[in-house]
Amino acid sequence: MLKNKPKIVNRINAAIPLPSLPQILFKLIDVCKNDADNHEEIVRVVSLDPSLSLKLMRFATAWQNQKPDARSFDRTVQLLGPENIRKVALTALVEPFVKPVMKHAVPAFSQFWLHSVNCAITSRKLSQALGLGNAGDAYLTGLLHDIGKLLLLMNHPKEYTPVFLGQSNGRPLIKEEDMRIGTTHCEAGWLAVRSNSAMPFIADGVLYHHQPVADIANAFPSLKIIYIANIMSHRDIARAELLE
């Protein structure tokens with residue numbers, strides 16, 4: 001998928017600030033106030049937001065000068081500590097949303113968030129039901145599978161905003177992205193996750209979740225899980241249900 005356009009993919013700024021749902025950030029700031037017994041609650045809240053999860057993975061990578069183990073994402077929270085995470089959340093509240101691109105994209109971003117968390121939950125449940133690998137890895141893959149959409153939106157706001165808003169002129173999403181940008185959200189997301197995770201199959205899950213079914217038939221179980229979870233999770237879920 002990437003052989004013919006590595007230069008285009010590598011022009012994507014994978015470290016650009018990405019938006020998080022404000023409700024998640026406010027909740028995270030609140031739970032970080034009590035740093036004695038709130039580790040599990042902080043992990044739970046962070047794990048509800050793809051942008052925030054990726055941001056903390058970046059911080060941990062820079063802090064440790066090595067790639068964090070995705071299977072122990074709670075260690076990233078432990079490493080950074082409540083006060084540092086609180087500062088990250090405070091910065092994230094205003095960082096991307098001051099950009100003009102988000103003025104019209106907020107409703108679509110809410111749907112993006114709902115789908116990402118739903119896909120993460122579905123991936124975890126499938127992994128548990130089938131007894132395939134680590135359910136935490138499956139959850140993280142589902143959470144980050146569409147992160148490339150935000151990367152394309154922030155890197156190419158003029159070209160990608162109509163796509164993010166669902167205005168694809170009847171063309172398949174991947175074809176529309178490739179036509180407008182020269183790369184896809186799968187490839188952009190793969191670039192970001194690959195550089196911030198020690199688990200390459202998580203990045204592969206992000207890369208291949210829109211491939212033709214025939215290409216997935218003989219793939220690793222972890223790729224099949226995210227592929228199926230993405231299809232299954234295209235339904236509306238009440239936001240309050242996920243924030244409880």
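A residue counts as partly exposed when its relative accessible area lies between the buried limit, under 20%, and the exposed limit, over 50%. With a relative accessible area of 42%, E83 is therefore partly exposed. This value, like the others reported here, comes from a predicted model.

As for the overall picture, the protein chain contains 15 helices and zero strands. Of its 244 residues, 54% are buried. The accessible surface amounts to about 11700 Å², and carbon and sulfur atoms account for 54% of that area. Among contacts between residues at least 6 apart in sequence, 69% link residues at least 24 apart. Zero disulfides are present; C119 is nonetheless buried, at a relative accessible area of 0%, and C186 is buried as well, at 1% relative accessibility.

Six salt bridges are found in the structure, and it is pleasant to start with those inside helices. E83 pairs with R86, their closest N and O atoms lying 3.7 Å apart. The two residues are three places apart in helix 5 (residues 73-94), which means that about one helical turn separates them. The partner R86 is partly exposed, at 28% relative accessibility. In helix 3 (residues 39-46), E41 and R44 are likewise three residues apart, about one helical turn, and their side chains form a salt bridge of 3.3 Å, N to O. E41 is partly exposed at 28% relative accessibility, and R44 is partly exposed with a relative accessible area of 28%. Such spacings suit side-chain pairing, because an α-helix has 3.6 residues a turn, so residues three or four places apart point the same way.

Helix 10 offers a further case. Here R180 and E176 are four residues apart, about one turn of the helix, and they form a salt bridge whose closest N and O atoms are 2.6 Å apart. The two ends differ in their surroundings: R180 is partly exposed, with a relative accessible area of 30%, whereas E176 is buried at 0%. Salt bridges with shared partners join R171, E176 and R180 into one network.

E177 also belongs to helix 10 (residues 173-180), and its situation invites a closer look. Which side chain of opposite charge is nearest to buried E177, and how far away is it? That side chain is K149, at 6.0 Å. A salt bridge requires a side-chain nitrogen of Lys or Arg within 4 Å of a carboxyl oxygen, so E177 has none. A polar contact of 2.5 Å does connect the side chain of E177 with that of Y160. Beyond four places in sequence, E177 touches K149, L152, Y160, V163, G182, T183, T184 and H185.

A second buried polar residue is N230, at 5% relative accessibility, located in helix 14 (residues 221-232). The side chains of N230 and H115 are joined by a polar contact of 2.9 Å. Apart from neighbours within four places in sequence, N230 contacts H115, C119, H145, H209 and H210. The C119 in this set is the buried cysteine with a relative accessible area of 0%.

Helix 7 (residues 135-144), finally, is mostly covered, with nine of its ten residues buried. Those buried residues are A135, D137, A138, Y139, L140, T141, G142, L143 and L144. At the N-terminal end of helix 7, N134 acts as a cap, with a side-chain oxygen 2.7 Å from the backbone nitrogen of G136.

Technical notes
Residues numbered from 1 in each chain as written. Predicted model: local features only at pLDDT ≥ 70, side-chain atom pairs only at ≥ 80, totals over all residues. Heavy atoms only, no water. Buried < 20%, exposed > 50% of the residue type's maximum accessible area, 1.4 Å probe, protein only. Lys, Arg positive; Asp, Glu negative; His and termini not counted. Polar contact = N/O pair within 3.5 Å; in protein donor to acceptor, adjacent residues only side chain to side chain. Contact = heavy atoms within 4.5 Å. Disulfide = S-S within 2.5 Å. Areas by Shrake-Rupley, 256 points an atom, 1.4 Å probe, with all protein chains shown as cover.
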